[in-house]
Amino acid sequence: MKKNTLIMVDLQNDFCPGGRLAVPDADLIIPLVNELQPFFHHVVATLDWHPKDHTSFASNHPGHQIGDVLIMDQIPQILWPDHCVQGSEGAQFHPNLNVQRVRKIFKKGIDKNIDSYSAFFDNAHRRATGLADYLHEQNIKEVYLLGLATDYCVKYSCIDAANLGFDVYVIVDACRGVELKPGDCAKAFQEMEQAGAHLITSKKIKETQSLKPTESSLW
């Protein structure tokens, strides 16, 4: 049987309603995410995990505000509210997310000098998170992505996964986006598809996946 992995991207308190960088309706996908997990051989998750002095925080750039774009080390950086600070409640998984099936957690954005949207690399592709190595070790070739946010961390994770040679699927109805500009999410899905990813719905997964929720022995 062909093994697959579900990658749950940044399902954290700060990205949900009431958080420091809340994504609209982000909490609404949590029940669906829980429902989908048993359909996969492996489940892994990512956490945005920033130090307090992270370069992406507008508060660390006097005279600038949230939404400004600065060039840092030759890379454009959007300034965000302080979010997902290491060890904070905002950095924790949403309390309703089932994490019992999560085999491994990959933390990103840990270097204060550079952001890391992708689950695989920082934004300059200088440091890997270890996710690609883990998938290769597990002989995984097929990955499914969902989570937050569509137009940033999901998109860049998807593009990197495709460039690394994985067969990539994005579960469209299990993602939510920031939409700094209207249409950002639609554009992100288009970019992911152009990179070689397959856009799929949760309904399709339930209809086609050979692995069934009752096959708990795999866990």
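Q: A cavity is a set of points where a 1.4 Å probe fits but cannot get out. What volume does the largest cavity have in this structure?
A: This is a predicted model, and its largest cavity has a volume of about 120 Å³. The structure holds two cavities of 30 Å³ or more, and the second largest contains about 30 Å³ of space.

Q: Which residues lie nearest the centre of the largest cavity?
A: They are Phe 15, Leu 21, Tyr 117, Tyr 152 and Cys 153, out of 14 lining residues. By class, that lining has ten nonpolar, two polar and two charged residues.

Q: What makes a residue part of the lining of the second largest cavity?
A: A lining residue has an atom within 4 Å of a cavity point. Thr 55, Met 72, Ile 75, Gln 77, Asn 113, Ile 114, Asp 115 and Asn 123 line the second largest cavity, so each of them meets that rule. Three of these lining residues are nonpolar, four are polar and one is charged.

Q: How many disulfides does the rule give?
A: The count is zero. Cys 16 is in no disulfide, and the nearest cysteine sulfur, in Cys 84, is 9.4 Å away. A disulfide needs two cysteine sulfur atoms within 2.5 Å, so this pair does not qualify.

Q: Why is Cys 84 not bonded to the cysteine with the closest sulfur?
A: That sulfur belongs to Cys 153 and is 8.8 Å away, which is too far for a bond. The cut-off is 2.5 Å.

Q: Why are Cys 16 and Cys 84 called buried?
A: Buried means under 20% relative accessible area. Cys 16 has 2% and Cys 84 has 0%, so both are called buried.

Q: How do you know whether His 94 is buried or exposed?
A: His 94 has a relative accessible area of 12%. The limit for buried is under 20%, so His 94 counts as buried. His 94 lies in the loop between strand E4 (75–78) and strand E5 (102–108). Its C-alpha is 5.0 Å from that of Asn 13, although the two residues are 81 residues apart in sequence.

Q: On which side of the cut-off does Ser 202 fall, buried or exposed?
A: Its relative accessibility is 6%, so Ser 202 counts as buried. Ser 202 lies in helix H5 (residues 202–208). Val 170 is 32 residues away along the chain, and the C-alpha atoms of the two are separated by 9.7 Å.

Q: What makes strand E6 (residues 142–148) mostly covered?
A: Seven of its seven residues are buried. Glu 142, Tyr 144, Leu 146 and Leu 148 are on one side, with Val 143, Leu 145 and Gly 147 on the other, so both faces are covered.

Q: How do you know that E6 pairs with strand E1 (residues 4–9) and strand E7 (residues 167–176)?
A: Two strands pair if there are at least two bridges between them. Six bridges join E1 to E6, in parallel, and six bridges join E6 to E7, also in the parallel sense. Both pairs therefore satisfy the rule. Met 8 stands opposite Leu 146, while Gly 147 has Cys 175 of E7 as its bridge partner.

Q: Why is the unit formed by E6, helix H3 (residues 150–163) and E7 called right-handed?
A: With the strands pointing away from the viewer, a right-handed path runs clockwise from the first strand over the helix to the second. E6, H3 and E7 make a right-handed β-α-β unit, so their path runs clockwise in that view.

Methods
Residues are numbered from 1 along each chain as its sequence is written. This is a predicted model: local features need pLDDT of at least 70, side-chain atom pairs count only at pLDDT 80 or more; totals for chains, interfaces and linings use all residues. Side-chain values use heavy atoms; hydrogens and water are left out. Buried means under 20% relative accessible area, exposed over 50%, partly exposed in between (1.4 Å probe, protein chains only). Helices (H or I, at least four residues) and strands (E, at least two) are DSSP runs, numbered from the N terminus. On a 1 Å grid over the protein atoms alone, a cavity is a set of points where a 1.4 Å probe fits but cannot get out, and a pocket is an open set with protein on both sides within 12 Å along at least five of seven lines; lining residues have an atom within 4 Å of a point. Grid points are joined across faces, edges and corners, and a volume is the space filled by probe spheres set on the points. Ala, Val, Leu, Ile, Met, Phe, Trp, Tyr, Cys and Pro count as nonpolar, Asp, Glu, Lys and Arg as charged, and the others, Gly among them, as polar.
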